[in-house]
Amino acid sequence: MPQASPKHASCLYFHFYFTFNLARLLLGIVAASLMAVPAMAADMSGWSDKTVCRLLAGKPDNAEFVAEALQRGLNCGSSAKSSGKKQKAEGKSLPKNQGIVLYALNMPPKLKAQLLSQSIIKTEFDFSPYQLAVIEEPVRCQFNLRRVQYEDKPEGQIENWNMAQGHLDISSEAVKINGAWRMGGLSKDPGYLNNEVNLKLTRAGHLVGKMAYFLLNVHPGEVLEKPLYVELKPHKRSKPLDLKTLGKAELWTDVEDWAGGVWSLRGCKITSS
């Protein structure tokens, strides 16, 4: 068999080496291209900052929402319903040498035991700044509570569905709610309306106090939403309840910067004690 000349063998080796390395280079370029393709499942470029923050608050573990918030430089805060406004660059993160520092608190054992024995009342409210209504005979009103959102209209847009409904029993001592939330999740527990509501009526016909409040819907299979504890105060847009005529009333409640609530009272009448 004829042997290849040294010159011919050198050419074959160069051709093989060039072809092999070219193939490796092409494979590397293809792999890098595939890794660089973003795996976004939705185009969020047209969403408002408030919408991104609201969705991130509802699903804080969603990688797409987290990435979009970081890309926009948003600081959505600790609640799902933050304003979504952009913060200054220095507020995005803490330097590595900063963070939360815990200090030991020297407290007498007797005082510590006293504080630990007291239960935290989430609906505690100071009624002293208000002139409360004196009601000789209890009044019952039918009510429905609807959400009002401010993202599209600064003056607010009332949504055409009930967040909660039932009736209010109004007396000098308290305003009791008999009804049900319709927000799904934990709101199905009647204890929130029976035990975690601390409301009274003012002489001017406004609801004041504090209560457990569900602002977001929760559908089957979604993460449960804990209630907010919202303070009800006189609102400039409210049409208060006139105890002399017992007509209709429309009471507005501020909850978050992007949404609140409107209580519609109707069919009010005196009931026997």
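A residue is called buried here when its relative accessible area is under 20%, and that cut-off is used below in following the aromatic side chains through this predicted model.

A search of the whole structure finds six aromatic pairs. One of them joins Phe-125 and Phe-127, whose ring centres lie 4.9 Å apart with the planes at 65°, so the two rings meet edge-to-face. Phe-125 counts as buried because its relative accessibility is 13%, and Phe-127, with a relative accessible area of 13%, is buried as well.

Another edge-to-face pair is made by Tyr-192 and Phe-214, where the ring centres are 5.2 Å apart and the planes stand at 85°. Tyr-192 belongs to helix α5, which covers residues 191-195, while Phe-214 is found in the loop between β5 (207-213) and β6 (228-232), so this contact ties together parts that are 22 residues apart in sequence. Both Tyr-192 and Phe-214 are buried, and the two residues also belong to one aromatic cluster, which they form together with Trp-181 and Tyr-213.

Aromatic rings in this model also have charged groups placed over them. Returning to Phe-127, the reader will find the charged end of Lys-200 sitting over its ring, 4.9 Å from the ring centre; Phe-127 is thus a residue that pairs edge-to-face with Phe-125 and also lies beneath the charged end of Lys-200. Elsewhere in the chain numbering, the charged end of Arg-54 sits over the ring of Trp-258, at 4.5 Å from its centre.

Note on methods: Residues numbered from 1 in each chain as written. Predicted model: local features only at pLDDT ≥ 70, side-chain atom pairs only at ≥ 80, totals over all residues. Heavy atoms only, no water. Phe/Tyr/Trp six-rings, centres within 6.5 Å; stacked < 30°, edge-to-face > 60°. Buried < 20%, exposed > 50% of the residue type's maximum accessible area, 1.4 Å probe, protein only. Helix = DSSP H or I, 4+ residues; strand = E, 2+ residues; numbered from the N terminus. Lys NZ or Arg CZ within 6 Å of the ring centre and 35° of its normal.
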